[in-house]
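Grab your viewer and work through these exercises. Each one comes with a solution in steps.

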Amino acid sequence: VVVFYHGGGWCIGDLDTHDHVARAHAVATEAIVVSVDYRLAPEHPFPQGVQDAWAALQWVGEHAADLGGDPARIAVAGDSAGGNLSAVMALKARDNAGPPLVFQLLWYPVAVGDISLPSFTENADAPLLNATVIAAFLAWYVPDLDLGDPTSLPTDLAPANAATLAGLAPAYIGTAEHDPLRDDGARYAELLTAAGVPVTLSNEPTMIHGFVNLALASPVAAEAAARGMAALRQALHPAG
């Protein structure tokens with residue numbers, strides 16, 4: 001079973017905008033996908049979306065068998081803000097004795113929260129996600145948080161700040177070269193590796209933020225998405 005969290009800066013997006021993405025994960029991984037309709041900012045700022053994401057994961061842990069799935073083979077996946085929620089869920093699952101996760105598929109996630117990383121400047125005017133859009137999303141999602149010191153951010157926003165990352169589920173992190181979030185994903189991959197967590201980082205050299213959503217229109221995006229989904233499939237079907 002894959003618990004999927006859609007992207008949209010924690011503020012936009014829903015089950016319909018990401019239906020084709022959730023379906024692609026189901027087909028590619030031969031898994032049941034539970035797509036989560038968590039509450040969105042600004043009406044429901046942090047941590048309400050996290051609370052919904054966690055409640056959904058716990059529910060799936062309890063009801064995986066009822067869905068026809070294997071409770072011992074549950075993974076999380078998500079894009080952008082959904083990648084952030086997936087990384088947060090992996091940490092919460094470890095720290096709360098489950099549900100046990102076999103994998104976390106993180107598409108261009110926020111996990112470190114350091115907006116001083118070079119990619120935020122290099123890609124400040126990138127397509128689809130730029131500095132202005134990021135500032136708006138953050139103002140709506142975390143209006144009361146000081147983002148000046150990323151090491152002070154709560155782990156429900158920046159899982160990289162956990163006392164230790166050891167013991168987290170193996171990860172695949174897919175990033176895009178022309179994306180402000182590129183270096184955040186790369187930095188999280190470094191931290192996971194240092195903690196002994198198996199992780200694959202794949203930075204797509206021609207891609208922009210949101211490429212998984214573009215897979216139906218772009219063969220290159222489809223190939224990039226297929227790489228991550230293949231890793232997820234292997235984790236869910238280790239003998240396959």
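Contact here means heavy atoms within 4.5 Å. Keep in mind that the model is predicted.

**Exercise 1.** Work out which residues of helix 5 are buried, where they sit around the helix axis, and which helices they pack against.

*Solution.*
- Step 1: buried means under 20% relative accessible area. In helix 5, residues 131–141, that picks out I134, F137, L138 and Y141.
- Step 2: look down the axis of helix 5; the buried residues fall within an arc of 95 degrees, so they line one face. As background, an α-helix has 3.6 residues a turn, so residues three or four places apart point the same way.
- Step 3: apply the contact cut-off to those buried residues. Their packing partners are helix 2 (48–63), helix 3 (81–95) and helix 4 (118–122).
- Step 4: check the N-terminal end of helix 5 too. N130 caps it, with a side-chain oxygen 3.0 Å from the backbone nitrogen of T132.

**Exercise 2.** Describe how helix 2 and helix 3 cross, including the handedness.

*Solution.*
- Step 1: two packed helices are described by the angle between their axes and the distance between the axes. For helix 2 and helix 3, the axes come within 10 Å and cross at roughly 60 degrees.
- Step 2: angles of 65 to 115 degrees would count as roughly perpendicular, and those under 35 as roughly parallel. Helix 2 and helix 3 are therefore oblique to each other.
- Step 3: the crossing of helix 2 past helix 3 is right-handed. Helix 2 makes the contact through G49, V50, A53, W54 and L57, and helix 3 through L85, V88, M89, K92 and A93.

**Exercise 3.** Do the same job for helix 1 and helix 7.

*Solution.*
- Step 1: the axes of helix 1 (residues 19–29) and helix 7 (residues 219–236) come within 9 Å, crossing at roughly 55 degrees.
- Step 2: this pair is therefore oblique, helix 1 to helix 7.
- Step 3: helix 1 and helix 7 make a right-handed crossing. The residues in contact are A24, H25, A28 and T29 on helix 1, with M229, L232, R233 and L236 on helix 7.

**Exercise 4.** Find where the cis peptide bonds before P47 and P99 sit, then look at what surrounds P99.

*Solution.*
- Step 1: most peptide bonds are trans. The bond from F46 to P47 is cis, with omega near 10 degrees, and P47 sits in the loop between strand 2 (33–36) and helix 2.
- Step 2: G98 and P99 are also joined by a cis bond, omega about 5 degrees. P99 belongs to the loop between helix 3 and strand 4 (101–107).
- Step 3: P99 has 11% relative accessibility, so it counts as buried.
- Step 4: skip neighbours within four places in sequence, and P99 is in contact with W54, L57, Q58, G61, I74 and A93. The C-alpha atoms of P99 and G61 are 5.2 Å apart, though 38 residues separate them along the chain.

**Exercise 5.** Are S80 and Y108 buried or exposed, and what is the phi of S80 and of Y108?

*Solution.*
- Step 1: most residues other than glycine have a negative phi. S80 has a positive phi near 60 degrees, and Y108 has a positive one of about 35 degrees.
- Step 2: place them. S80 is in the loop between strand 3 (74–79) and helix 3; Y108 is in the loop between strand 4 and helix 4.
- Step 3: S80 comes out at 10% relative accessibility, so it counts as buried. Y108, at 1%, counts as buried too.

Notes: Residues are numbered from 1 along each chain as its sequence is written. This is a predicted model: local features need pLDDT of at least 70, side-chain atom pairs count only at pLDDT 80 or more; totals for chains, interfaces and linings use all residues. Side-chain values use heavy atoms; hydrogens and water are left out. Buried means under 20% relative accessible area, exposed over 50%, partly exposed in between (1.4 Å probe, protein chains only). Helices (H or I, at least four residues) and strands (E, at least two) are DSSP runs, numbered from the N terminus. The arc is that of the directions from the helix axis to the C-beta atoms. A polar contact is a pair of N or O atoms within 3.5 Å; within protein, one must be able to donate a hydrogen and the other to accept it, and residues adjacent in sequence count only if both atoms are side-chain atoms. Axes are lines fitted to C-alpha atoms, for helices over the stretch in contact, and angles run from 0 to 180 degrees between N-to-C directions. Angles under 35 degrees count as roughly parallel, over 145 as roughly antiparallel, 65 to 115 as roughly perpendicular and the rest as oblique. A crossing is left-handed if the near helix is turned anticlockwise from the far one by less than a right angle, and right-handed if clockwise.
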